[in-house]
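Please work through the exercises below with the sequence and the model at hand. Each task is followed by a solution in steps.

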Amino acid sequence: MEKKQGEDMLKLGGKMFRSRFILGSGKYSLELIRAAVENAGAEMVTLAVRRTNTREGQSILDYIPEHVTLLPNTSGARTAEEAVRIARMARELGCGDFIKVEIMRDAKYLLPDNEETVRATKLLAAEGFTVLPYMFPDLYAARALEAAGAAAVMPLAAPIGSNQGLQAKAFIKILVEEIDVPIIVDAGIGRPSEACEAMELGAAAVMANTAIATAGDVARMAGAFKAAIEAGRAAYLAGLGRVLERGASASDPLTGFLHEGEATR
C-alpha cells in the first residue's frame, strides 16, 4: 500500500493500514462485513478458524473482500499448544501470517489467560507469525508479550461482548505510556464515543464487533465508529488541552470590564 507524504498510518507486521478500525466478526453477517468495509473503511477483519464454515457450502471467506487483511483468531483455545495448532491451521488454509491469539479457559467471564498467551506468542513469533495477542490489561503481562515478539498488544476494555465501554481505562492508559508496540483496544467497546476516548488515550486502533452487529442500523453505526475513531486519533495527535484539578481559568483576560472605563468619563 503506497503511503502518501504526511499520512498517519498504522503499521503491523510490515503492512501499512490507513484505517484504525478493526472488525471483529464473531457475530458476522454479510450486512455487518459490508457495512464495516464500506462505511467504516475496515482494512482488517477477524475470523475464528473453527467457525470458518458456518453453513454447509458457505464460508465467511466468501464475504470478505480480497483487499482486506484477514486476522484469524484462536478462539476456542485453552492452552498455548492449542492456539499454536489453530494458527498453523489458519496458515495452511491460506489466511496468511497474521494471527490474533485468544486463550480463554473460563467459560463464564471469558477472560484471557495472560500466562498461556505469552507462551503462545513466543512460539508463534518464532515461526514467523505476526502475533496480536488478546490480553487482560496488566503491565507486566504486556511487557512479557512485547518481549515475546508480539506485533501489538490487544487489551480488553471490558468483558467481551458486554458493550460496557472503557472499564479498564486507567490500565489501558498505563500500557499506552509504557509499551512500545501498538496498543489495540479490544472487547467491550459499546459506543462510538468510547472508541473516540480510547483513541484519545493514545490507542493505535480499536476493534469492535458487538456494538455494530447489535445496532439498530448496522451501516450507520459502522460509519459512526469510523468518524469517532478518526476524531479521537486527531485529538491525540493534536495534544489534548490541560485539565484543572480545581478552580477555573477564564478563556478571555479578566481586564477591560465596562465599569473600569466609566470612572474616567
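The exercises that follow concern a predicted model and treat salt bridges, a pocket and backbone angles.

**Exercise 1. Determine which parts of the chain are tied together by the salt bridge between Asp 8 and Arg 20.**

Step 1. Establish the pair. The side chains of Asp 8 and Arg 20 form a salt bridge, with N and O 3.2 Å apart. This lies inside the limit of 4 Å that a salt bridge requires.

Step 2. Place both residues. Asp 8 belongs to the segment before strand S1 (10–12), and Arg 20 to the loop between strand S2 (15–17) and strand S3 (21–23), so the bridge ties together parts that are twelve residues apart in sequence.

Step 3. Compare each residue with the accessibility limits. Arg 20 has a relative accessible area of 7% and is buried, because buried means under 20%. Asp 8, at 30%, is partly exposed.

Step 4. Look beyond the pair. Asp 8 and Arg 20 are linked with Arg 233 in a network of salt bridges.

**Exercise 2. Describe the surroundings of Arg 20, leaving aside its neighbours within four places in sequence.**

Step 1. List the contacts. Arg 20 is in contact with Asp 8, Met 9, Leu 10, Met 199, Ala 204, Ala 205, Val 206, Ile 229 and Arg 233.

Step 2. Single out the contact with Asp 8. The side chains of Arg 20 and Asp 8 are also joined by a polar contact of 3.2 Å.

Step 3. Turn to the pocket. Arg 20 is one of the residues nearest the centre of the second largest pocket, together with Asp 8, Arg 18, Ser 19 and Glu 230.

**Exercise 3. Characterise the lining of the second largest pocket.**

Step 1. State the extent. The volume of the second largest pocket is about 260 Å³, and 15 residues line it.

Step 2. Identify the main contributor. Helix H8 (residues 218–238) supplies six residues, the largest share of the lining.

Step 3. Sort the lining by class. Eight of its residues are charged, five are nonpolar and two are polar.

**Exercise 4. For two further salt bridges, decide whether each partner is buried, partly exposed or exposed.**

Step 1. Begin with Arg 105 and Asp 113, which form a salt bridge whose closest N and O atoms are 2.7 Å apart. Arg 105 is exposed at 60%, whereas Asp 113 is buried at 12%.

Step 2. Continue with Arg 119 and Glu 116, whose side chains meet in a salt bridge at 2.9 Å, N to O. Arg 119 is partly exposed at 34%, while Glu 116 is buried at 13%.

Step 3. Locate the second pair. Both Arg 119 and Glu 116 are in helix H3 (residues 114–126), three residues apart, about one turn of the helix.

Step 4. Give the total. The count for the model comes to 13 salt bridges.

**Exercise 5. Find where Asn 163 and Ala 187 lie, and state what is notable about phi in each.**

Step 1. Recall the expectation. Most residues other than glycine have a negative phi.

Step 2. Examine Asn 163. Its phi is positive, about 60 degrees, although it is not a glycine. Asn 163 lies in the loop between strand S8 (154–155) and helix H5 (169–178) and is partly exposed at 29%.

Step 3. Examine Ala 187. Its phi is also positive, near 75 degrees. Ala 187 lies in the loop between strand S9 (184–185) and helix H6 (192–201) and is buried at 6%.

Note on methods: Residues are numbered from 1 along each chain as its sequence is written. This is a predicted model: local features need pLDDT of at least 70, side-chain atom pairs count only at pLDDT 80 or more; totals for chains, interfaces and linings use all residues. Side-chain values use heavy atoms; hydrogens and water are left out. Helices (H or I, at least four residues) and strands (E, at least two) are DSSP runs, numbered from the N terminus. Buried means under 20% relative accessible area, exposed over 50%, partly exposed in between (1.4 Å probe, protein chains only). On a 1 Å grid over the protein atoms alone, a cavity is a set of points where a 1.4 Å probe fits but cannot get out, and a pocket is an open set with protein on both sides within 12 Å along at least five of seven lines; lining residues have an atom within 4 Å of a point. Grid points are joined across faces, edges and corners, and a volume is the space filled by probe spheres set on the points. Ala, Val, Leu, Ile, Met, Phe, Trp, Tyr, Cys and Pro count as nonpolar, Asp, Glu, Lys and Arg as charged, and the others, Gly among them, as polar. A polar contact is a pair of N or O atoms within 3.5 Å; within protein, one must be able to donate a hydrogen and the other to accept it, and residues adjacent in sequence count only if both atoms are side-chain atoms. Contact means heavy atoms within 4.5 Å.
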